[in-house]
Structure formats: structure tokens, C-alpha cells
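Work through the exercises below with the sequence and the 3D view side by side. Try each task before reading its solution.

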Amino acid sequence: MPWVLTSVGTGRAVDYVYIAELYPWQGTNGVSYGAPLALDAGMLDALPGQEEPPGAILPLHFADRGYLTAPTDSVAPRRLYEGRLEGFSVERRLPLSPTDSRRVAGTFGLLRLRNDDGVLDSLPDNCAVQGRRVVVRRLIRGQDLSEAVPVFDGVGVAWEPGDGVMGLTVRDRTALADLSLLPTYGGSGGKDGPASWAGKPLPGAFGVARWVPLECYDAAYGLFRCHFRRIKGVTGLWDKGGAYTFVSDFPTEAALKAASLTGGQYATCCAEGMVRAVPAGDSYEGTITADIEGDAEGGYVETHAAIAARLLSIGGLGDLVAGGTVASHAAYLTGASGFAWTSQINVGDAVSAVMQSCASWWGDDRTGMIRLGRLEEPGVPDLELAPGAGLLDVTPGTLPASIAPAVWRSTVNFRRCHSVISRDAVLVTADEATKAFAEREYREAPPSANSLILSRYPTAPELRINSGFDNPGPASDLASYLQALYARSRGAWALDVPLAVAASLWLGRSLRVTWPRHGLAQGRNVRVVALPEDIGDRTATILVWG
């Protein structure tokens, strides 16, 4: 029997229907996709520029009960959704502490399709769902499909047949970012690297990356790769702290080889991410390191948000980054930043590293778009929940130990040295500033602190963030922001609410919550930080913080 909810405050019956739309690839010509694929391999099907296997997209439409759209539906008139959708749950959770993982945590239950009649038995053999779009939406019976509210918009991972059920495991679209960021050397010689380098990743630099260690791929000419494609420039080059003098930039590797350089000089080919350095003596003293203004393919980027968006674009996900999210994030986290990787990393982990370094988060929303953001003080609420007005029960929660009960000091480090060496290893001719820089991985910006918190909470935690910022000003501003956010004694609460209420919420929405217990008797402004939904439940338990 279909279940019916009563809309809060209206007394109207809300007859929700859940619909699921799957877009697997149906193989032909004897192609079978029954064997489970590794996630990375399956995701390749969905990325631009990949060759499709023989076959075609086969849309599959299901609902939690048989549903036929109206003849006048603007999206799909008279579309039939088979009543096979038996269960699916989803939860998205924002990180509360700057030390938590920076990807929005998504928990996705098995999408279960009723199959007691065996009609779906052939799906694993005939339909490849790995990396293919899967959409779950909610609508009120009779609504136009254009008004359906997204619950999940992601990708399939694998079929999981069961007793009377055809299951499907899914991931959000950030799963498509779990592919290698850095291309690899082929080992054919020249700029493709020597044979021993075959499979070795090329370096990658983004924004202002300092003292990045370089490896020479052509000893005869002193050629190094500092990035796998176009860069803005190399602003400094050192050999154990001994500075080289810049000569010029050249358009090609051939022109760079032909350039006339003397000992202690360097030149670049920014178009190909290369630098040439002629040693001052017979050979290099140690590892060559460079200050790089990195990736500039399509324009140079240096803010945390712009670098994150560039990484997602390299991973083939640029079109999924929500419009405005990069600009809004860059507006409150200004300042040049820099990152470099000389060993392989996947795109998602690289984005997480960038967001971790500025205490921000990233992840997809329920529409399948990727957003960047940060935890903020609860704003002016536009919805109030109270007993008898949308709030069924409240359970107090606990905060991560890294921010509970309150933070007494926040420190943000800046300007990373990617190749730390001891002071004694630096050339004696190097100046004091160079020696001081080389021996420490990060510099420390002025911290923000409130020692009175220690009087009340002697074991109060301290926050320390290694940021990507290149200058102390933005790092100090971030420290002040974090201290203001976490200096107060905060709380987290699990709220049981009708689905009609949960359906109107989104992550980060500001609410006012009143409840006779748990410190909420006078009302408290909070933000939604976890939002679950289960198609089999009439209520939802959301998590709020404030």
C-alpha cells in the first residue's frame, strides 16, 4: 500500500512517488558486461573522449509503485515507470572539523528493484551500468516531471543480484574524480623520458608552488619537466640553494635546446612545461628545485577554488562544477596559493588536498552538480522547527574531539617548501633567507587565540592547518575566521522530522530549533549538516550544528 504523509502546517495529504531512471549501456554483437569492473575502469565509459563499446544507451524507468505520467506532461507524456523500486537510502554529510575529510560524505544504500518474477535477471549480462548515470527523484503524484525533486544523481557501480531482488550499488558523481591526475612517461626517449621512466608520472604544479624538486630527462641539454602541460612561468631556480639566473622563455623544446646559455643560467619553454638549466660547474650540486607558476592551459589559476575547479576539469568533470560556486568561494578565500605533486594522485584526492588546506569542503549536491563551500556561522533562519511544528524528537549528538568543547587557538601555516633540506646541506654561498626557507616545510602566520577558553576548558584543542596560501595575510585571515567559528561552545543535534520537512531542506540551510530539552528551550539558530532520505520511511533524521 502506498504511504501518505501530512504536510506540516497545512493538513493536506502528500502522496509522494519515488522514481528511478537508469541509463546503462546495452551491449550488442555478443558483448557481455556481466563481470564486475574495477571502479576506475568502469568510470572511463562516462568520461568525454572515450570510445564507446558496441551498443546503445537503454533508459530504464522504475518507481516505488506503478506510475504513468500525464498525457500533458512537459517532459515525457504517458511515460510508464514500472513499480519495482523497493528501496534506496541516501545521506550527505558536511565535515564539521577542519581536520575531517573534505569531500562531502555520501552514504548510499543499495538501490533495490523487485525481481521476484525474474524479468530483470538478464540485466547484469546485457546492460553495463558501471559509470553510467542513475537518477532518483521524488514528486507528488500528478505533478509534472519537471517539478520532480532530485534525491540522487550519480553513477552506477555494479549489479548485485539477490533473492527476488536486483540490486545496484551506486556512487555520487565525485566518484568520476577517482582517476589518476598525472599522465605518465612513455619511456621512448627525449621528453617522453628514458626507458627506465616508462609508467612514471610527470610532475604537476598548480598556482604558486615553491622549491618543487625536478628530475632531468635529458642530461646532455640539462632539460627538466616541471609540469605535464603549459605553465605560466618559472620564477626561480636553485641547486642546493644556489640561485640560477633567468634568461628567457622559448616556444618549443627545440628552441629551448638551441638557446645559448652559460653556467648558472636557466630558460623555460612554458608551452610544454619545461625548464633548461646549465650548471655553474661541471655538474649539478644536488636536486634542482623550482618556484613554478603552474598550470596555465586555458588561463593561469592560483586561488584554492580556481585550482580545485581546474583539477576537476582535467578529470573531465568541469561541466559538473556548479556555476558561481568557484567565484563565491574565491571571494571569501582570496590570495594566491600553490600545490605540486611529483608522485601519482587521483583527481579527487588532489581536490580534497586543496580544500583541506583552506578548511573548506567539496562534493556533489543531490542534483549531481559539484560545489565548493565551507562551514559558516548559522545565518538568519527562514524556517523554525518546534514541537507540533515539524519537529518530532531531538537527540543530542557529539562533536569531533578536534573542535570540542571549544578551540582556544587557531594557526594557519603558509608557503610550503616542497623540497626540505637541512641548513648544513645548503650551499654556503646561499643567503640566510634561502637557508631559513629550505629547512622548514611551512611558515607560520600569526595565530588567532583566546586564552580565556583554557581557563574554562584546560584541555581545549588547538587547530593547526597547513594551507596552500603563499602569503601570511590570507593565512592569518583564515586563522581568525576559524577561531571565531570554533571558539564558542557548539552543539550538534539529530532531529526527527516528517519527510515533508526534510524534503524542503538542503545542506547548509539555516534553521531555528526549539525543544524543551538539550539546551534548545530558548531556541537556537543552527545549520543543516547531514541530510538523509530513505524511500521506505515516513520520517527523516537530520543532523544540525550551531
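**Exercise 1: Trp211 and His418**

Trp211 lies in strand β17, which covers residues 204-214. Helices (H or I, at least four residues) and strands (E, at least two) are DSSP runs, numbered from the N terminus. The model is predicted, so local features need pLDDT of at least 70 and side-chain atom pairs pLDDT 80 or more, while totals for chains, interfaces and linings use all residues. Residues are numbered from 1 along each chain as its sequence is written, and side-chain values use heavy atoms, with hydrogens and water left out.

Task: decide whether Trp211 is buried or exposed, and describe the surroundings of His418.

Solution.
- Step 1. Trp211 has a relative accessible area of 3% and is therefore buried (under 20% is buried, over 50% exposed, in between partly exposed, with a 1.4 Å probe and protein chains only).
- Step 2. The phi of Trp211 is positive, about 55°, although Trp211 is not a glycine.
- Step 3. Now locate His418: it sits in the loop between β32 (409-414) and α7 (432-438).
- Step 4. His418 has a relative accessible area of 16%, so it is buried as well.
- Step 5. Apart from neighbours within four places in sequence, His418 is in contact (heavy atoms within 4.5 Å) with several residues, among them Trp211, Val212, Pro213 and Phe339.
- Step 6. The His418 side chain also reaches the backbone oxygen of Arg210 at 3.0 Å.

**Exercise 2: Two backbone details**

Task: find where the cis peptide bond at Pro405 lies, and say which loop holds His518.

Solution.
- Step 1. The cis bond joins Ala404 and Pro405, with omega about -5°.
- Step 2. Pro405 belongs to the loop between β31 (393-396) and β32.
- Step 3. His518 is in the loop between β37 (510-513) and β38 (524-534).
- Step 4. Its phi is positive at about 60°, although His518 is not a glycine.
- Step 5. With 25% relative accessibility, His518 counts as partly exposed.

**Exercise 3: Two open sheets**

Task: give the strand order of the sheet of seven strands and of the sheet of three strands.

Solution.
- Step 1. The seven strands run in the order β6-β3-β14-β15-β16-β12-β9, with antiparallel pairing, and the sheet is open. Two strands pair if DSSP finds at least two bridges between them.
- Step 2. At the edges of this sheet are β6 (60-63) and β9 (85-87), each paired on one side only.
- Step 3. From one strand to the next, the twist averages 35°.
- Step 4. Inside this sheet, β3 (residues 16-22) and β14 (residues 133-140) run antiparallel and are joined by seven bridges. Leu22 stands opposite Val134 in β14.
- Step 5. The open sheet of three strands has the order β5-β4-β13, again with antiparallel pairing. Its edge strands are β5 (55-57) and β13 (127-128), each pairing on one side only.
- Step 6. Three bridges join β4 (residues 25-27) to β5, where Ile57 is the bridge partner of Trp25.

**Exercise 4: A helix pair**

Task: work out how α4 and α5 are oriented to each other.

Solution.
- Step 1. The axes of α4 (residues 304-314) and α5 (residues 325-332) come within 7 Å and cross at roughly 150°. Axes are lines fitted to C-alpha atoms, for helices over the stretch in contact, and angles run from 0 to 180 degrees between N-to-C directions.
- Step 2. The two helices are therefore roughly antiparallel (under 35 degrees is roughly parallel, over 145 roughly antiparallel, 65 to 115 roughly perpendicular, the rest oblique).
- Step 3. The contact involves His304, Ala305, Ala306 and Ala309 of α4 with Val326, His329 and Ala330 of α5.

Conventions: Polar contact = N/O pair within 3.5 Å; in protein donor to acceptor, adjacent residues only side chain to side chain.
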